[in-house]
Amino acid sequence: MAPAAQLLSLPNARPYAFQFPLATTALIIIDIQRDFVDPGGFGSVQCGNDEIFSKARAIVPTVKKLLDLFRSVGGHVIHTREGHQPDLADLPAAKRLRQISSPHGHHTMGIGDQGPMGRLLVRGEYGHDIITELTPWPGESVIDKPGKGSFWGTDIHRVLLARGITHLLFTGVTTECCVTTTLRECNDRGYQCCVLDDCTQGFDVQQVTTSLDIVSGQDGLFGFVGNSTDFFAAINESEAHLTPPSTPPLLNDDGLPPIDELVSRYKKGSISPAEVVNFVFDRIEKYKSVDPAVWIHLEPREKVLEAAEKLASRYSGKPLPPLFGVPFSVKDTIDVNGIPTTAACPQYAYTATFSAPAVQHVLDAGGIFIGKVNLDQLATGLSGCRSPYGITHSVFSEKHISGGSSSGSSVSVGARLVSFGLATDTAGSGRVPAAFNGIVGFKPTKGTVSAKGLVPACRTLDTITVVAPSVPDARKVWRIIAQHDRDDPFAKLPHTLPTWKVDFRGPRLGGFTFAVPPASSLEVCTNAYQDLFAEAVQILRSCGGRLVEVDYTVFEVAGDLLYEGALLHERMTCIGLEFLQTKLEELHPVIKALFGGALASPPSAYDVFRDQALQIQLTRKAQQTFDILRGGIDVLVVPTTTQHPTIEQMVADPLRLNSKLGTFTHYANVVDMCGVNVPAGMYVDGSGTTLPFGITLLGGSGYDAKVLDIAAVAEETFKEVFAKS
């Protein structure tokens, strides 16, 4: 496989050589559906000439060869299908009537009319689907578009952003219509585009030629025109010059490999899901002597082995889904069908009757569920010290806290017991423990991952998150779970989420702007954390970052709202006021103290409305900070937390220390931000213990992909710097 940073080239492309990094390049196959390339479909009606129409089918073998090679090197693949809802509600009258109304035309049938393969260009009909030779594999995106272009009425731009795509190779039909229309739309959004002239065809020879000339004319007005022969040669040349990588045992003391590497080994048949399951359970059993408080519910090994065998049998001889055989943990506030959900509160426990959509998406993608992990009771706290199931500790020190509330999630990943975990983050619960365990914790924009099947901590703020060893692994899982749920009343409508122009050079070369808290705000951090953060800022500047100043006040005020305002009482309402009133004495002492004090001083209606209005105002101001078209920044960079207390310190001063730990996390969901913790260094504390340090990159609502793009560069640079030191 070509290295991520390596530029490949199509040297004979017009108007000059097209260069592209394979890792951020997608192959996009436009509308190679039965309706467009098989006789009796809409395309044959559109063309009106059987001889010319047959040429559209003639490109399929070359496209198939290209697709096979792209898949073999792990490339991104996007398919599009043009078609309409069965009721034609998304079909404009102009499109439906214009061609069939021509007095001297050959269009005797129109969209929605009955043809040999079903109603023409209607979703769900036999003719609408992609031809068998190019059937999409699991994990490949299929964009159902109602127009000739691919952006109207679809989420293709956010799909491309989510994958970090910067370059596109175009194939498909028809050149003069849907292919070049979509290419022009992509050009407007900043993508570097190249259409492969032997992988596209149309219904008018002259229009095909002219369309390609227009794309590459005037020194590349819309993009490039290349040929698949150059692509095949580029891949072969890059692989010929690669130094064969060393192949240490896949399963070793370092734990599980990255997700893509694990799935790649499955594809090669060099390992089986059952072997991985046994390896995972062996590590878990061994780690119990280090930290027995990680798991609340662990599936029986035999049950998981049976699930692994069924998975292997189901996909035997077939393309594998993106998380095939990948083991994962689930925080015990997220429902898994048939498994008790406790929220680390036995009095609250119930047995789930369905899996949360986020869990189900992972299972459908081939993930293997291992068990449910510990947390701060009722997902309240950032310490990991508030559970009746025991206190977890950092994977770096048995004396230091793991962080919370997603304590077990972060330890299960930090100790490499599983490949990733599904956790939650209301006030920092997915970022703080990630920092304390030296892993990545990604908090998506609230409302973009379904919150169904999640025990609410604060319903308007809750977010299911991903903890993983690296940014690429976290991003892969996020792409799978971030699917719109129409039944989630707190879900954001996809079309309301922002998109932005792409810089094909990437953040390192194209640059990015970032801001940091003022020095006065950083004084809450220990000296070690302040020094490490200053070093991290300089490293970010070295890899494309440009530091600018912003008004940080809005974020500090928003942070105070979480526990000092009415939002604390929303949290109590979500848990259940009657439950808290009747079970308060049975709760963990710290949780009892927190909620007991709040019960004794309920806010007035005036307080609630005041805080709601203030939250709306602060959210608007915060989002303006990230409006790049009006002088905003790409990301706000903060220390993930302020210090790393010992368990003894945390138990002695639980509320005050918890508040300090959330200094830079509490406001993110209050003002609707996304964010990712990235490991950014190591230090030795006063006791001589080596501990990790993390920074968080925060972005505006819906800017998840942009934050992850920059985080990937930051993570890579930190590793390079620390490898040299």
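This report walks through two sheets, two buried polar residues and a few unusual backbone spots in a predicted model.

## The six-stranded sheet

Let us start toward the N terminus. An open sheet is built from six strands in the order β7-β4-β3-β8-β9-β10, with parallel pairing. Its edges are β7 (141–145) and β10 (224–226), each of which pairs on one side only. On average, neighbouring strands here are turned by 25° against each other, direction ignored.

Within this sheet, strand β3 (residues 25–30) and β8 run parallel and are joined by six bridges. One place to look is Thr 25, whose bridge partner in β8 is His 167. Helix α7 lies across β3, β4 (76–82), β7, β8 and β9 (192–201), and runs at about 165° to β8.

The link between β8 (167–173) and α7 (175–188) is worth a closer look, as Thr 174 lies in the loop there. The peptide bond leading from Val 173 to Thr 174 is cis, with omega near -15°.

## The eleven-stranded sheet

The other sheet is also open, with eleven strands in the order β11-β15-β12-β16-β18-β17-β22-β23-β21-β19-β20 and mixed pairing. Here the edge strands are β11 (295–298) and β20 (545–547), each pairing on one side only. The average turn between neighbouring strands of this sheet is 30°, direction ignored.

An antiparallel pair can be found where β21 meets strand β23 (residues 690–699), over four bridges. Leu 636 stands opposite Leu 698 of β23.

Two helices can be placed against this sheet. Helix α11 (residues 273–287) lies across β11, β12 (327–331) and β15, at about 20° to β15. Helix α13 (residues 357–364) lies across β12, β15, β16 (420–424) and β18 (464–468), and its angle to β16 is about 165°.

## Two buried polar residues

Ser 402 sits in the loop between β15 (368–373) and α14 (407–414). Is this serine buried or exposed? Ser 402 counts as buried because its relative accessible area is 0%, and the cut-off for buried is under 20%. Its side chain makes a polar contact of 2.6 Å with the side chain of Thr 392. Leaving out residues up to four places away in sequence, Ser 402 touches a set of residues that includes Ser 383, Gly 384, His 393, Ser 394, Val 411, Pro 433, Phe 436 and Asn 437.

Asp 634 is found in the loop between α24 (605–625) and β21 (635–639). With a relative accessible area of 12%, Asp 634 is buried too. Which side chain joins that of Asp 634 in a polar contact of 3.0 Å? The partner is Lys 706. A polar atom of the Asp 634 side chain also lies 2.9 Å from the backbone nitrogen of Thr 513. Beyond four places in sequence, the residues in contact with Asp 634 include Phe 512, Phe 626, Ile 628, Gly 699 and Ile 710. Leu 698 is also among them, and Leu 698 is the residue opposite Leu 636 in the β21 and β23 pair.

The polar distances are collected here for easy checking in a viewer.

| Group on one side | Group on the other side | Distance |
|---|---|---|
| Ser 402 side chain | Thr 392 side chain | 2.6 Å |
| Asp 634 side chain | Thr 513 backbone nitrogen | 2.9 Å |
| Asp 634 side chain | Lys 706 side chain | 3.0 Å |

## Backbone spots to check

Most residues other than glycine have a negative phi, and most peptide bonds are trans. Against that background, a few places deserve a look.

Pro 15 is in the loop between β1 (7–10) and β2 (18–21). The peptide bond from Arg 14 to Pro 15 is cis, with omega near 0°.

Ala 344 is not a glycine, yet it has a positive phi of about 55°. Its place is in the loop between β13 (340–341) and β14 (350–351). Ala 344 is buried, with a relative accessible area of 0%.

Asp 672 also has a positive phi, near 65°, without being a glycine. This aspartate is in the loop between α27 (667–670) and β22 (674–684). At 11% relative accessibility, Asp 672 counts as buried.

How values were computed
Residues numbered from 1 in each chain as written. Predicted model: local features only at pLDDT ≥ 70, side-chain atom pairs only at ≥ 80, totals over all residues. Heavy atoms only, no water. Buried < 20%, exposed > 50% of the residue type's maximum accessible area, 1.4 Å probe, protein only. Polar contact = N/O pair within 3.5 Å; in protein donor to acceptor, adjacent residues only side chain to side chain. Contact = heavy atoms within 4.5 Å. Pairing = 2+ DSSP bridges. Axes fitted to C-alpha atoms, helices over the stretch in contact; angles between N-to-C directions.
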